[in-house]
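Colleague: Could you take me slowly through one part of this model, namely the spaces enclosed by the protein and the residues around them? I would like a careful account that I can follow with the structure open beside me.

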Amino acid sequence: MLVEPVDVAVIGAGPAGLAAATRAAGAGLSVVLLDEQETVGGQIYRAIERSDAQRREILGPDYVAGAALAEAFARSGARYEPNASVWQVTRERSVHYLKDGKTGSFEAKRVVLATGALERPFPIPGWTLPGVLTAGAAQILLKSAGEVPADPPVLVGCGPLLYLLGWQYVRAGVPIRALVDTTRHEDRWRAKRHMISALRAWPYLAKGLQLLRALREAGVPIHEGADDLRIEGALGDDGTDRAHALSFSVRGVPQRIEASVFLLHQGVVPNTQFSWSLRATHHWDDAQLCFTPQTDAWGELDVAGIFVVGDGGGIAGAQAAEAQGELSALAIAAQLGALDQTTRNHSAAPLLRRLAEVKRIRPFLDTLYRPRDENRVPQDDVQVCRCEEVTAGDVRRFVELGCQGPNQAKSFGRCGMGPCQGRLCGLTVTEVIAEARKVSPATVGYYRIRPPIKPLTLGELAGE
């Protein structure tokens with residue numbers, strides 16, 4: 001277990017964390033990178049060091065690009081702590097983690113939070129039934145173990161990941177029952193306002209068109225403009241209720257697709273658990289419909305010495321995350337005296353240009369794939385807090401009784417107090433309360449996150 005102080009602690013081994021750790025180590029700083037997985041890569045490059053040629057061919061060139069990043073980190077001299085679950089980072093930059101059933105802690109002069117993104121909740125009727133999971137979870141199974149659904153799945157929702165997963169399934173020879181897209185014609189019309197900047201990022205547009213063309217050539221039925229989504233259940237052979245069909249409408253015409261596997265997705269949002277626990281300042285991003293931490297140009301929070309990089313600070317993708325990771329490392333190296341200001345600024349210039357280039361596509365994507373209100377703020381009978389089985393109707397009744405925000409909702413009905421600590425329900429609860437109070441989500445706020453960020457037993461805690 002780590003006990004000696006280090007110059008830089010990096011939490012998360014995705015593209016942002018790998019880039020930050022590699023650049024900081026290259027500046028001569030002592031660096032430790034901690035991640036819950038056994039190997040580096042994060043979610044986007046999961047198991048990249050162990051993937052064989054066949055899996056890399058299925059997952060495509062964007063996934064394979066992570067190999068060079070992982071190799072650079074391996075040569076950097078930075079220390080990697082795998083299977084390490086960080087459960088607290090203090091404002092004084094003390095890092096507490098759990099590994100192999102034992103807790104440990106150490107001090108760092110600077111901390112980089114590269115915790116990435118979470119899939120946005122998709123609380124529609126039936127989303128808690130067996131047979132329903134997120135597209136991101138399905139992709140994790142594909143990347144880490146080569147596992148695919150035994151029965152043809154239905155992909156439901158919106159966003160690039162939905163089409164990317166479908167494309168990867170086609171390459172893997174997995175039949176797809178259907179792809180049901182909630183994006184409407186008016187979403188495309190609004191997105192045209194950002195077409196000029198999007199055209200300057202034409203490689204991303206070309207990739208999207210390639211995915212769509214591949215799905216159509218494979219004969220995948222694509223239903224666009226889907227509304228009124230509902231997953232129906234039916235008794236399975238074991239006597240339990242399981243997902244059986246998806247009902248929806250397109251331009252008012254009812255549709256129904258029977259299947260046993262449904263993969264939901266409507267974008268990703270920053271994983272802000274650590275930055276909230278640090279009491280850092282956050283603001284509501286109406287373009288991405290989520291809370292993001294406030295940082296300076298180098299990624300530093302208003303908590304001195306702690307940086308947020310990658311999608312944890314706002315969704316921008318893997319290439320942006322890599323550039324942000326390097327920028328934070330340059331800032332840290334300058335703060336700790338390993339670089340002078342002139343060298344820092346000179347090295348940062350191409351990174352800032354690259355960051356601006358890869359972010360040009362974001363306004364277009366954020367507008368085109370903006371999740372529909374009805375798929376974020378659900379009906380009364382839909383569960384929002386799965387851990388404590390609290391419905392949207394329960395939350396609205398809390399508001400009628402005087403509940404003003406998510407933290408009070410905990411007292412009214414334990415909403416957000418389960419093992420996930422609000423990861424699956426936080427944004428939904430905020431938006432349901434905002435709708436009921438007729439105020440903005442910024443006014444309502446978010447859960448007050450406290451350590452342990454990840455569950456651990458009293459015995460493990462006492463061991464520290």
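Modeller: Before we look at any lining, a word on sorting residues: Ala, Val, Leu, Ile, Met, Phe, Trp, Tyr, Cys and Pro count as nonpolar, Asp, Glu, Lys and Arg count as charged, and the others, with Gly among them, count as polar. Please also keep in mind that this is a predicted model.

Let us begin with the second largest pocket, which holds about 380 Å³ of space. This pocket is lined by 23 residues, and those closest to its centre are Thr-295, Gly-313, Gly-314, Gln-324 and Lys-359. If you trace the lining back to the secondary structure, the elements that contribute two or more residues are the strands S17 (282–285) and S18 (290–293), together with the helices H11 (318–335) and H13 (362–368). Sorted by the classes given above, the lining of this pocket consists of 9 nonpolar, 9 polar and 5 charged residues.

From the pocket we can turn to the cavities, of which a search of the whole structure finds 3 with a volume of 30 Å³ or more. The largest cavity has a volume of about 120 Å³, and among the 13 residues that line it, Val-269, Pro-270, Thr-272, Leu-427 and Tyr-446 are the closest to its centre. Two or more residues of this lining come from each of the strands S7 (117–119), S16 (268–270) and S18, and you will recognise S18 as one of the elements that also give two or more residues to the lining of the second largest pocket. The lining of the largest cavity divides into 8 nonpolar, 3 polar and 2 charged residues.

The second largest cavity contains about 40 Å³ of space, and here the lining can be named in full: Leu-113, Thr-115, Asn-271, Thr-272, Phe-274, Ser-275, Val-308 and Gly-312. Thr-272 deserves a second look, since it appears in this lining and is also one of the residues closest to the centre of the largest cavity. By class, the residues around the second largest cavity are 3 nonpolar and 5 polar, with no charged residue, whereas the lining of the largest cavity includes 2 charged residues and that of the second largest pocket includes 5.

Definitions and conventions: Residues are numbered from 1 along each chain as its sequence is written. This is a predicted model: local features need pLDDT of at least 70, side-chain atom pairs count only at pLDDT 80 or more; totals for chains, interfaces and linings use all residues. Side-chain values use heavy atoms; hydrogens and water are left out. On a 1 Å grid over the protein atoms alone, a cavity is a set of points where a 1.4 Å probe fits but cannot get out, and a pocket is an open set with protein on both sides within 12 Å along at least five of seven lines; lining residues have an atom within 4 Å of a point. Grid points are joined across faces, edges and corners, and a volume is the space filled by probe spheres set on the points. Helices (H or I, at least four residues) and strands (E, at least two) are DSSP runs, numbered from the N terminus.
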